[in-house]
Amino acid sequence: MKILVCISSVPDTTSKINFTDGDTKFDTSGVQFVINPNDEFGLTRAMWFKEKQGAAVHIATVGEAGVEPTMRKALAIGADEGIRVNAVPTDGYFVAGQLAEIVKKGEYDLVIGGRESIDYNGGMVPGILASMLGMNFVNTCIGLEIEGDKATAIREIDGGKETVKADLPLVIGGQKGLVEESDLKIPNMRGIMMARKKALNVVDPVDATQATEDVSFDKPAPKGQVKMVESVDELVDLLHNEAKVI
Amino acid sequence: MSILVYTESENGKFKKNALEVASYAKAVADQMAASVTAISFNASENESLGTYGVSKVLNVSNDTLKTFNAEAYAKAIAEAAEKEGAKVVVVSSSANSKFLAPILAAKLKAGYVPNVVEAPDSTEPFKVKRTAFSNKGFAHTAIKTDIKIVGVSTNAFGLKEDQTDASVADFSPELKEDDFSVESVEVDKVAGKVSIADAEIVVSGGRGLKGPENWEMIEELADVLGAATACSKPVSDMGWRPHAEHVGQTGKPVAANLYLAIGISGAIQHLAGVSASKTKVVINNDPEAPFFKAADYGIVGDAFEVVPKLTEKLKEFKAENE
Ligand SMILES: Cc1cc2nc3c(=O)[nH]c(=O)nc-3n(C[C@H](O)[C@H](O)[C@H](O)COP(=O)(O)OP(=O)(O)OC[C@H]3O[C@@H](n4cnc5c(N)ncnc54)[C@H](O)[C@@H]3O)c2cc1C
């Protein structure tokens, strides 16, 4: 089995969010970049398939050279080789177009992406990619088993979960649940040393549609002072008469 | 020209988000001098969408579509969009809509923007405001393709009545066996419980509750309020509550009208997932808990004392106000 894990390099979850250039760009200064948490669950599941069922695991990222430390970390966790499409990931449609090219060339059986990246929250790359290639797609995936060319996946739905079956080749949008949090792999020294020798191939982007453009950004209005309340009577009264939510 | 809206239903009845996306579609239609066409699947009471500005409903009655299927639904919606010459397609933020929207985007070669919180800033260029950076910011995003897909954030736009006469027509999309290649084998839903995604009120508990045995208190409070229950990440990590209840940056986003956080410290990753909620109430025994800074109302106190009292008070309030 050949697996491609799509990795998005995103600001660490504790990052303060600011914008520059007249609120048209995300301010990366002082921001630490990490593997998108949803992708990290997928990467660990891919490593499970590699160890238990024998699979080759590649990673792919669309981004400029600055994303390479994040990719090296994914290689240190155990991916075999990496592909970086040398382009600014302008929108989900464009990124899916780039990854589609890689999937076509690499003939992957399984493509694992994240449900969404925690920066732009687009939630569309795996789905568009699957559709572009005519592959099966399962989103918000919290469980995945593969036997031969048949996959059984569990996906989270509003208020519960659903089990689905589909043949490979398959694309999933993964998230927490794909593996236990305690099983997430942290690169060890040996992994880090080995990652240095692994291939990180850089390819040029292909022509692809950019469907959307983030024109400007702003931040939520600063919060007013919290009203501290002494009793539940007062709280119920405020929720009814002031906030009008009950 | 028309704006097409996908209205979700369950057991034939429209979900609340269907009425919200219809309201949104009507606002877009007014800005573009267009009308709203809805597509529904196996729904009864299709005329009722007229209350929210829908003038035409294409209802698909098809037993093979009783269970949601992203590919087949997307194909049907794409066919309806083409037939109607729709320039904008509006969907909700449910798990199902977020599943089918990217597939639909590829089929229609349309740009898709999820998590939209307001009617478009402008329609030429078509620009919408959406949340980004896990609710720590907003982006104003222009969609540059001929057809546009907008995913409306739950509870962000609300229901807006605009009485219109809705005509209902049967619609039979052309579906093939291939469209069902991802096959649903089992749907496992907790019956009668409000889901976080649909909820107007969410009662959420954190590690401060000490153990799963204390959740009865949370459920009772949620019951009185008709609310969904939720939790912080460590609570689901420790298996006190199911993963599906974990809210936050790496869990579910909550855009409720009222979010009650009980025994939750208010870490940045948790706040990111709840900041889209309108009114936040925090109950915590630590007056320094960071959550108070993000709250509208706060009570410093022991959850084990405050919550049962609050539940009692709300029961009285309900009895008086119903
Ligand atoms: C990559 C990453 C992603 C993360 N994503 C998320 C996420 O999506 N969602 C999320 O929630 N967290 C997330 N976290 C974890 C987050 O940083 C916090 O650890 C977590 O939110 C803390 O949960 P808590 O408030 O329930 O527990 P604690 O931090 O232990 O806080 C418990 C609170 O309960 C109060 N308390 C104790 N006893 C009582 C009592 N008797 N009555 C009233 N109050 C009481 C305490 O004062 C305290 O404020 C993430 C962390 C990382 C590193």
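**Close-up views of a ligand and one annotated span**

**View 1. A polar side-chain atom of B:N284 lies 2.8 Å from an oxygen atom of the ligand.** The model shown is predicted. Two further residues of chain B have a polar side-chain atom close to a ligand oxygen: for B:Q269 the distance is 2.7 Å, and for B:S232 the distance is 2.5 Å. On its own, the ligand would expose 990 Å², and 77% of that area is buried by the protein.

**View 2. The ligand sits between chains A and B.** The shell around the ligand holds 27 residues. B:R207, B:S232, B:S265, B:Q269 and B:H270 are the closest of them. B:S232 and B:Q269 also appear in View 1, where their polar side-chain atoms lie 2.5 Å and 2.7 Å from a ligand oxygen atom.

**View 3. Three helices of chain B each give at least two residues to the shell around the ligand.** These are helix 5 (233-237), helix 6 (268-274) and helix 8 (303-321). By residue type, the shell is made up of 16 polar, 6 nonpolar and 5 charged residues.

**View 4. Residues 23-215 of chain A carry a domain annotation in UniProt.** The unreviewed entry lists this span as "domain: Electron transfer flavoprotein alpha/beta-subunit N-terminal". How far apart are the end C-alpha atoms of residues 23-215 of chain A? They lie 9 Å apart. Strand makes up 33% of the span and helix makes up 31%.

Conventions
Residues numbered from 1 in each chain as written. Chains lettered and ligands numbered in written order. Predicted model: local features only at pLDDT ≥ 70, side-chain atom pairs only at ≥ 80, totals over all residues. Heavy atoms only, no water. UniProt positions renumbered as here; feature names shortened; annotations may be inferred. Helix = DSSP H or I, 4+ residues; strand = E, 2+ residues; numbered from the N terminus. Near = heavy atom within 4 Å. Polar contact = N/O pair within 3.5 Å; in protein donor to acceptor, adjacent residues only side chain to side chain. Areas by Shrake-Rupley, 256 points an atom, 1.4 Å probe, with all protein chains shown as cover. Nonpolar A, V, L, I, M, F, W, Y, C, P; charged D, E, K, R; others polar.
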